[in-house]
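Biologist: I'd like to go over who touches whom here, and I'll keep asking what each label rests on. Shall we pull it up?

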Amino acid sequence: MAGRKQDDKILNPLKRKILRRRFSTAELVFGPLFLVLLVLVGAWIVLQKNNYDPGERDIAFTQLQEDSVEDNLYRRPVELWIEPGTALAGGVPSVDLGILPSSLVGEGWQLDGRLESYDASNLYEKINGAAEQYLAYGFTELNYVTLAQGDNFITLELYDQTSFPNVLGLFSAQGGGTHEVKKNGDMFYFTTPIGAIGGLGNYYFKISGNNESDPVVEKAMSMVQELAALPVSGGGIPLPYRMLTDRLDVAFKQISYIKDNAFQYDFLTEFWFAPLGDGGDARIFLHQAGSADEAAARFGSLVEEQAYEYELQVNEPERAVLQHEYLKTIFAVSRRGDMIYGVDGAGDPAAAEAALARIEEVMTGA
Amino acid sequence: MTPNPLQIQVQPEGPPKVLKKFRLTNVRIVSQAFFFAAFILAVWATWTSRLGGYPVSRFLEMDPLVGLSTALATGYVYRFLGWGLILLGVTLVFGRVFCNWMCPYGTLHQFIGWLVNIRKHPDRWKSNYYKPIYFLKYTILTVFLIMAAFGSLQIGLLDPICLMYRSLATAVAPASDMLVGILGNKVDWVGIDPGLLDPLLFAPGSQNRVFVGSFWIGLFLASLVGMNLVIPRFFCRVLCPLGALLGVLSRYSLFRINRDVHKCTDCNLCLTRCEGASDPQGALRLSECFGCMNCIDDCPEDALSFTMIGQDKKQVVPGPELGRRRLVFSGVAGLLAYPFIKNDGVNTNENYSADLIRPPGSVEESDFLSKCIKCDQCINACPTNVLQPATMDEAGFEGLWTPVMNFNIGHCQLKCTLCSEVCPTGAIRKITVEEKLGKGDYAEIGAISLGTAFFDRGRCLPHAMEIPCVVCEEVCPTSPKAIQTVDVEAKNVFGEIVMLNKPFMVPDLCIGCGICQTECPVTDSRAVYVTPVGETRSEERRLLLNKRNQAEA
Amino acid sequence: MPRRRGDIQNPDYVKDTLDRRSFLKKSAGLAGLTGAAAYLGLAPENWPLSLKDITGRRSEPTVESFRLTDYRVPPPPGVKDVVVGRGGTVEQRLAKALDGIGGLTHYIKPGDIVLVKPNVAFDRSPNLGATSNPETMDRLIRMLLVDCKVQEVRVADNPIESPSDCFVKSGIAGAVDQAGGRIYLPDSNAFRMLNTPGATLIENWWFMHRPLTNVDKVIGIAPVKDHNLCSASMGIKNWYGLLGGRRNQFHQDIHEIVSDLSIMIRPTLTILDGSNILMSNGPTGGDPSNVKKGDAVMVATDPVAQDAWAFEHLLERGTDYPEYLHRSEEKGSGRVDWRGRLEELV
């Protein structure tokens, strides 16, 4: 726009103008030389650049290994919440061990963490893939504690499997029968180098330490003793089992239990077996029905079904003796009250009668 | 006539046009552009992913005022500070040409001054007359040098290289990155790949760097640049202590502008573009002349030349206009300024700020203050933004704009020693990662500790509010961790049982890196914070009598 | 003397009367401007172009959010959900595990853009187990580029410590550069609001969005680390590294956030590198004594089962899995029980 004032100009309006007319040789020699110098300086700067190497500002791993320091800090154990007012008079805080005997804690053994409980819905959180097996044997609850004494740890897993047969089944399924089973009252168990595994009534337990040192093993054994006093539920120990072990002195290993389909009959459940003890294949069996009437009905059905393959020799309301058509072995069965008992595969009727008599003798003594 | 290469030869016809392009003023502009670009390159390259061998500190190390004043303050010349001799040599031969051929700050002022200059003749040349106020820079130099001799280094406040570096690093570069970031974000939302706008140009891999008090640094820069509207090259003519130092020396230079009085018609056109206000139309003021060579171009009579010639008192004013009276007064000012600044009482070993945390490798505080030139190059190099220019709160006026660590903003990166590598004066001694972490040869001495972390248990979530947290423990980089926890189960106020990992400090292991403070979620006043007590650089500011873990070994 | 009108006659004075035409033009212009201003300022909020703000909340910044797509690919029939490669070098273990899960080419198609997410949270040497193994990274990127012929391999993380330093000193930057990948550092505008339906803590949260633009497949590659608060940092916790914002608050509910992460992103594959296992002082480590050498590289389409197995067998912490794994299972990200769904290739 024409007529713009000087103040309206924003930037320098003047063009660069050279008024001089002469240029010296020295100046014109100096100019290019100086530019060459600048290029050299520029090249020097570029040459100074080296590729960034992280190792430059790092410590070699070998150096770190050399100077590695041992972490020797003392770390205080976790302080667990204790409900106010639950402290014992002696100043020892009572710990909530639920159904477990509180005497587990003491003599230097402390609870590490707190009692953990799991039911069928969350058992997998604790033992994941193995949970299916426990659930198949009537699992209802797991109580889990860890005891610690210094660097020694012992964990106790106590599974409630509802009933004793379940426990026995689980015990066999996990290979317990292959060990040398010990007995302690109603408890049966076998020991491992770091603990013990066994059952008691409706409970199945596993005790395992983190090493084989004496304190751990001693503690594990004393835990077994303390667990023996655990009150059981779920029907307690079945009478047939008790008779076999306590009265007939059958070894634990030799007792077997058929839950369903005894003798392949779907109406026969919960039968207990043991060898007759004559060196042959003959075995005695015991069953306790829910009532005398039930027992009578089952007895009748059993005799009736067996008669298809056996020749009936004695047929009384509470006693039957049958002989196999081809094998000629004796099958004798008897009923008293709600109990059904007998012998299968005896060589001759006399042996069968003797066995029945022994069972009856034990039973009356009960 | 035998041509003498050092003697200016006047050619009656003049050379071919192409060669005219190589005249001094053109070469000067190339030189200025080159050094300006080199300076920007140095600022740009001072970043963790780029710092691979570039001599980024060379500008600062070549500054003879840095070398001289730190030598006065400490008695020694650190690492590369001898490079200042090059500049002294150049000045003794050609005069104060640094100011108009190399100095990036001078270039900035000249360029801005030229760009906004709308004066007409004769205002144009009148603005380039020498003014009495131009003596001020010599006073400033005297005051600074006397203070330095006592051990308080303040040249960095006005030394042009330090000043420009500080301004670029803490005000311009982050501002540029911020604008680029905003622009890139807008472009990104539209759906276009932002390309170069995506990574920040100066600090890629960081999120918007901020610098405490950068407003004042930026304002200082803007004011000085703006003063070019009033007095062309105000800073260079009036304030610059480096220019003053070179001006004092330039009286001995071999070359100078020579005016052929027989040709001169006293037209004053030589003043039109005189940068230094050195009166080329009369008795040349040697100490003011920047050697810009503009006057030679502007003389229609060819009366002016740059030549090796003596310093006849009738033709030139060789020294600065600093009479004995002014010299004595500025000396007294410097003498008084030292105790006033030093005795401020905010940075003694008994009373020092809890925020005064120096970067790793820093020497003991009083030594630090006699070495730090406040160039803030360390601050620019810092990858986490933890290094900040100090305000008066942390270090008083004496330590203004010196580097301090602000752990609210960042943490000290464990295996990073960049600040110590770039420091030109040794205020932050060059250290290796081994030395910083106390490994290898330094295993006996142990790691460098910047301070000690403390917990404010009244604000800490697990301690005060029964809320799980312990970010501090997670990020603690030492092994074993200097932050340990007491694990406590508690029933909280809502009746739920919660596990609280309550953190506490193991001061023996703490290296004061501050990452616990940076990551603490209680953001306003952190529940864990680092203070400088226990820093290894100072015996006086020690905390522990013995490190307990070392006592065992 | 009193001055009267017309006393002083200025010769330059010209009477400039306003004619009708210009009067109308001016009036119309004024009325138009006033009317427009009145409309903008007074029209109800829902009218177009209205600037009216009755509640004072119209000016509140609105943050647009985006959603991630599901990056999963159905595995070929018959392969297990988790495959562990053992023996040999790290590269061999990786190759074995990838073969076992159906081959990388089954999951990645030529021309894909693939994001590989390593754990580069800290500035530690590769052997210290705090960050992903650069050798595995190198191998994986080469396989992606050469075998799968992908268009681009991106590598991104938002480390806790300085990003440039972490990438360089963990060796990841070098490995990625050599193998031909591209690193995305978290710059100021790399983050956007991510909407994750079903997440409790991060339903809307800042997320490192830039590297995920136009990405077709996502592969996580993580080390196995100790972690004080949540017990272990493995494949799922690795995704924490894509969060932005004030993420340090999440420690107040660590198990919830980690399980949220498992639904935030559905990666194509998750690789767990059990070559340098950080057994203690995690997740930062720093001392060789914290590290245990392992010989397992895991590849999984079920990150939950993968983490569970690694917790049990690499960190050797038994079956008391971190709670976040169970919560992840509840949120439908996978199943903790790895039995029967895992294959070990020696």
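Modeller: Let's start with a zero: no salt bridges turn up across the interface of domain 1 of chain A and domain 2 of chain A. A salt bridge here needs a side-chain nitrogen of Lys or Arg within 4 Å of a carboxyl oxygen of Asp or Glu.

Modeller: Before you ask, this is a predicted model, where local features need pLDDT of at least 70 and side-chain atom pairs count only at pLDDT 80 or more, while totals for chains, interfaces and linings use all residues. Residues are numbered from 1 along each chain as its sequence is written, chains are lettered from A and ligands numbered from 1 in the order written, and side-chain values use heavy atoms, without hydrogens and water.

Biologist: What about polar contacts between domain 1 of chain A and domain 2 of chain A, how many residue pairs are there?

Modeller: Zero residue pairs, counting those with both at pLDDT 80 or more. A polar contact is a pair of N or O atoms within 3.5 Å; within protein, one must be able to donate a hydrogen and the other to accept it, and residues adjacent in sequence count only if both atoms are side-chain atoms.

Biologist: And what gives the largest share of the side of domain 1 of chain A that touches domain 2 of chain A?

Modeller: Helix H5 (residues 164-173) of chain A, with five residues. Helices are DSSP runs of H or I with at least four residues, strands are runs of E with at least two, and both are numbered from the N terminus.

Biologist: How do you know that these domains touch, and how many residues take part?

Modeller: The assignment, automatic or from a database, gives domain 1 (103-227) and domain 2 (239-365) in chain A. Their contact takes 11 residues from domain 1 of chain A and nine from domain 2 of chain A. Contact means heavy atoms within 4.5 Å, so those residues qualify.

Biologist: What area do domain 1 of chain A and domain 2 of chain A bury between them?

Modeller: About 800 Å², 69% of it on carbon and sulfur atoms. Buried area is the accessible area (1.4 Å probe) that two parts lose on being put together, summed over both. On the domain 1 side, A:Pro165, A:Leu168 and A:Lys183 lose the most, together 44% of what that side buries.

Biologist: Now chains A and B: why do A:Arg22 and B:Asp302 count as a salt bridge?

Modeller: Their side chains meet at 3.9 Å, N to O. The limit is 4 Å, so the pair passes. The rule finds four salt bridges between chain B and chain A, and there are 15 residue pairs in polar contact. H2(B) gives the most to the side of chain B that touches chain A, with 11 residues.

Biologist: What makes B:Lys415 and C:Asp123 a salt bridge?

Modeller: The N to O distance between their side chains is 3.8 Å, and 3.8 Å is within 4 Å, so the label holds. The count between chain C and chain B is one salt bridge, with 19 residue pairs in polar contact. H5(C) brings four residues, the largest share of the side of chain C that touches chain B.

Biologist: Last one: why are A:Tyr134 and A:Tyr159 called stacked?

Modeller: The search finds 44 aromatic pairs over all chains. Rings of Phe, Tyr and Trp (its six-membered ring) pair if their centres lie within 6.5 Å; planes under 30 degrees apart are stacked, over 60 edge-to-face and the rest tilted. A:Tyr134 and A:Tyr159 sit 4.2 Å centre to centre with 15° between the planes, so they are a pair, and a stacked one.
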